[in-house]
Amino acid sequence: MSGNEEIIASKVRREGDRVLVRLERETGHLPERVWKMLTDSVCLAEWLAPGTLDARPGGRVQLDFGNSGMPIDCRVTDCQPNRRLAYSWSSGDSPERPLIWDLDPIDEGTRLSLTLLLPDDEVVPIACAGWDAHLEMLLAALEGISIHFPASRFRQARARFELLVRQELAA
């Protein structure tokens with residue numbers, strides 16, 4: 001990966017028995033447009049998965065990845081339109097995997113930050129690579145381009161995150 005395809009991880013650190021990871025991207029779209037992609041059911045299906053997200057504190061998030069992953073069924077924990085959205089990437093008895101989307105206006109666009117708080121286990125690089133791939137799908141969808149899950153990018157990102165996690169958490 002090189003140039004604008006490079007994985008951007010501004011932070012990987014241990015927090016107790018969890019790992020905090022922050023992924024960032026910049027886009028030429030205003031926060032209102034990015035917010036719509038994060039919260040509108042039709043838009044979610046374009047880059048993440050079919051489902052619904054009730055964008056209000058306590059609102060329900062239900063996403064169905066079919067055979068490619070577990071269904072998500074959780075509640076919104078923070079909702080500040082066009083600025084911040086938080087919920088857990090989990091369902092049922094699975095470990096909580098809180099995530100926070102932060103949208104910061106920059107020039108004529110948005111700096112989009114995704115913070116993940118993951119259980120400290122062997123799945124961390126897989127989760128990071130999956131979100132990296134979905135962020136690429138989100139950026140494409142913002143441009144009106146529909147792309148399939150970028151499996152090649154996922155594999156490259158997983159190898160890079162395995163190294164990054166080992167380096168950062170060993171320090």
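Trp 131 is buried, with a relative accessible area of 5%; buried means under 20% relative accessible area, exposed over 50%, and partly exposed in between, for a 1.4 Å probe and protein chains only. The model is predicted, so local features need pLDDT of at least 70 and side-chain atom pairs count only at pLDDT 80 or more, while totals for chains, interfaces and linings use all residues. Residues are numbered from 1 along each chain as its sequence is written, and side-chain values use heavy atoms, with hydrogens and water left out.

## Aromatic residues

Five aromatic pairs are present in the structure. A pair of aromatic rings is described by the distance of the centres and the angle of the planes. Rings of Phe, Tyr and Trp (its six-membered ring) pair if their centres lie within 6.5 Å; planes under 30 degrees apart count as stacked, over 60 as edge-to-face and the rest as tilted.

The ring centres of Trp 89 and Trp 131 are 4.7 Å apart and the planes stand at 65°, so this pair is edge-to-face. Trp 89 belongs to the loop between β6 (84-88) and β7 (98-106), and Trp 131 to helix α3, so the pair ties together parts 42 residues apart in sequence. Helices (H or I, at least four residues) and strands (E, at least two) are DSSP runs, numbered from the N terminus. Trp 89 is buried, at a relative accessible area of 16%.

Trp 131 also pairs with Trp 101: the ring centres are 5.7 Å apart and the planes are at 75°, so this pair is edge-to-face. Trp 101 lies in strand β7 and Trp 131 in helix α3, so here the parts tied together are 30 residues apart in sequence. Both Trp 101 and Trp 131 are buried. One aromatic cluster is formed by Trp 47, Phe 65, Trp 89, Trp 101 and Trp 131.

## Helix packing around α3

Two packed helices are described by the angle between their axes and the distance between the axes. Axes are lines fitted to C-alpha atoms, for helices over the stretch in contact, and angles run from 0 to 180 degrees between N-to-C directions.

Helix α3 (residues 124-142) packs on helix α4 (residues 151-170) at an angle of about 135°, with the axes 8 Å apart. That makes α3 oblique to α4; angles under 35 degrees count as roughly parallel, over 145 as roughly antiparallel, 65 to 115 as roughly perpendicular and the rest as oblique. The crossing of α3 and α4 is right-handed. A crossing is left-handed if the near helix is turned anticlockwise from the far one by less than a right angle, and right-handed if clockwise.

Residues of α3 in this contact include Val 124, Pro 125, Ile 126, Cys 128 and Asp 132, and those of α4 include Arg 153, Phe 154, Phe 161 and Val 165. Contact means heavy atoms within 4.5 Å. By class, the contact of α3 with α4 has 10 nonpolar, one polar and five charged residues. Ala, Val, Leu, Ile, Met, Phe, Trp, Tyr, Cys and Pro count as nonpolar, Asp, Glu, Lys and Arg as charged, and the others, Gly among them, as polar.

Asp 132, in helix α3, counts as buried at 0% relative accessibility. Its C-alpha atom is 9.6 Å from that of Pro 150, and the two residues are 18 apart in sequence.

Helix α1 (residues 31-39) packs against α3 at about 125°, with the axes 11 Å apart. The two helices α1 and α3 are therefore oblique to each other, and their crossing is right-handed. Arg 33, Val 34, Met 37 and Leu 38 of α1 meet Leu 138, Ala 141 and Leu 142 of α3. This contact of α1 with α3 has six nonpolar, no polar and one charged residues.

## Strand β5 and two loops

Thr 77 lies in strand β5 (residues 72-80) and counts as exposed at 61% relative accessibility. Leaving aside neighbours within four places in sequence, Thr 77 contacts Ala 86 and Tyr 87. The C-alpha atoms of Thr 77 and Tyr 87 are separated by 5.3 Å, with their positions 10 residues apart along the chain.

Most residues other than glycine have a negative phi, and most peptide bonds are trans. The table lists two residues with positive phi.

| Residue | Phi | Place | Relative accessibility |
|---|---|---|---|
| Asn 82 | near 65° | loop between β5 and β6 | 23%, partly exposed |
| Asp 107 | about 40° | loop between β7 and β8 (109-119) | 82%, exposed |
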